[in-house]
Amino acid sequence: MTPARRPALRCLHLLAATVALLAASWAQADEYADISRLLQLGKPAEAIVKLDQRLAATPRDPQLRFLRAVALADSGKPTEAIDAFVQLTEDYPELPEPYNNLAVLYASQNQLEKARAALETAIRTKPDYATAHENLGDIHAKLASQSYLRAQQLDRATAASVAPKLKLLRELFAAESKPAAPQAATPASR
């Protein structure tokens with residue numbers, strides 16, 4: 001081989017390596033999509049099987065670990081899901097999503113102070129994380145409701161001033177719990 005051909009050969013090797021990396025990235029993206037689809041279809045047990053297979057090869061992959069924690073929560077295993085999200089926050093403290101999901105699990109167990117702390121950490125990590133801000137607002141509203149109820153229990157004289165506030169909070173929570181009208185799926189929402 002002549003020296004003039006070596007740069008061309010190096011370019012071909014680099015091109016082949018780049019194509020291989022892109023193919024691996026696309027395959028990995030397809031795997032994430034397949035697992036996400038299983039979760040959307042309400043098949044968390046099947047998703048966990050696929051996740052465990054993938055995690056055996058790449059145990060530190062934060063996206064796979066995140067999806068596994070979501071699948072655990074969807075499987076009705078909140079304690080295991082909490083443990084998985086806590087581990088993610090310890091290993092990847094720069095990711096806000098595990099803190100947000102951890103807060104949702106804490107809130108479902110009425111551990112509102114833990115939920116608040118997790119959401120505040122998510123927001124410190126990513127100040128423009130709208131979902132965490134909304135969830136923090138919900139936690140503050142629930143904490144306010146608890147405080148108003150406690151005030152009523154401690155002093156019946158506060159009932160007149162607390163009653164309208166509690167009514168507003170109850171209406172807020174009632175509006176949240178009403179199911180939304182079904183919408184036709186659009187290509188963007190699939």
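Is R116 buried, partly exposed or exposed? In this predicted model, R116 has a relative accessibility of 22% and counts as partly exposed, because buried residues must fall under 20%. R116 is a salt-bridge partner of E120, with the closest N and O atoms 2.7 Å apart. E120 is also partly exposed, at a relative accessible area of 26%. The two residues are four positions apart in helix α6, which means that about one helical turn separates them. In general, an α-helix has 3.6 residues a turn, so residues three or four places apart point the same way.

## Salt bridges

The whole structure contains seven salt bridges. Three of them are set out below, including the pair in α6.

| Pair | Closest N to O distance | Relative accessibility |
|---|---|---|
| R68 and D52 | 2.5 Å | R68 25%, D52 34% |
| R65 and D91 | 2.6 Å | R65 13%, D91 26% |
| E120 and R116 | 2.7 Å | E120 26%, R116 22% |

The salt bridge between R68 and D52 links distant parts of the chain, since R68 belongs to helix α3 and D52 to helix α2 (residues 44-57), 16 residues apart. R68 is partly exposed, and D52 is partly exposed as well.

R65 meets D91 in another salt bridge. R65 is in helix α3 and D91 is in helix α4, so this pair ties together parts that are 26 residues apart in sequence. R65 counts as buried at 13% relative accessibility, whereas D91 is partly exposed at 26%. Through salt bridges with shared partners, R60, R65 and D91 form one network.

## Helix α5 and its surroundings

Helix α5 covers residues 96-108 and has 13 residues. From its first C-alpha to its last, α5 reaches 19 Å, close to the 18 Å expected at 1.5 Å a residue. Its buried residues are P96, P98, Y99, N100, L102, A103, L105 and Y106.

Which helices help to cover the buried residues of α5? The covering elements include α3 (62-74), α4 (78-91), α6 (112-125) and α7 (130-154). Helices α3 and α4 are also the ones that carry R65 and D91, and helix α6 holds the pair E120 and R116.

T89 gives a view of α5 from the side of α4. This residue lies in helix α4 and is buried, with a relative accessible area of 10%. Leaving aside residues up to four places away in sequence, T89 touches P98, Y99 and L102. Those three residues are among the buried residues of α5. The side chain of T89 also reaches the backbone oxygen of V86, at 2.6 Å.

After α5 comes N110, which has a positive phi near 60°.

## The annotated repeat

The UniProt record, an unreviewed entry, places the feature "repeat: TPR" at residues 96-129. In the model, that span is 79% helix and 0% strand. The C-alpha atoms at its two ends lie 8 Å apart. Helix α5, at residues 96-108, and helix α6, at residues 112-125, fall within the annotated span of 96-129.

Notes
Residues are numbered from 1 along each chain as its sequence is written. This is a predicted model: local features need pLDDT of at least 70, side-chain atom pairs count only at pLDDT 80 or more; totals for chains, interfaces and linings use all residues. Side-chain values use heavy atoms; hydrogens and water are left out. The expected span of a helix is 1.5 Å times one less than its number of residues. Buried means under 20% relative accessible area, exposed over 50%, partly exposed in between (1.4 Å probe, protein chains only). Contact means heavy atoms within 4.5 Å. UniProt positions are given in the numbering used here, feature names are shortened, and annotations may be inferred rather than shown by experiment. A salt bridge is a side-chain nitrogen of Lys or Arg within 4 Å of a carboxyl oxygen of Asp or Glu. A polar contact is a pair of N or O atoms within 3.5 Å; within protein, one must be able to donate a hydrogen and the other to accept it, and residues adjacent in sequence count only if both atoms are side-chain atoms.
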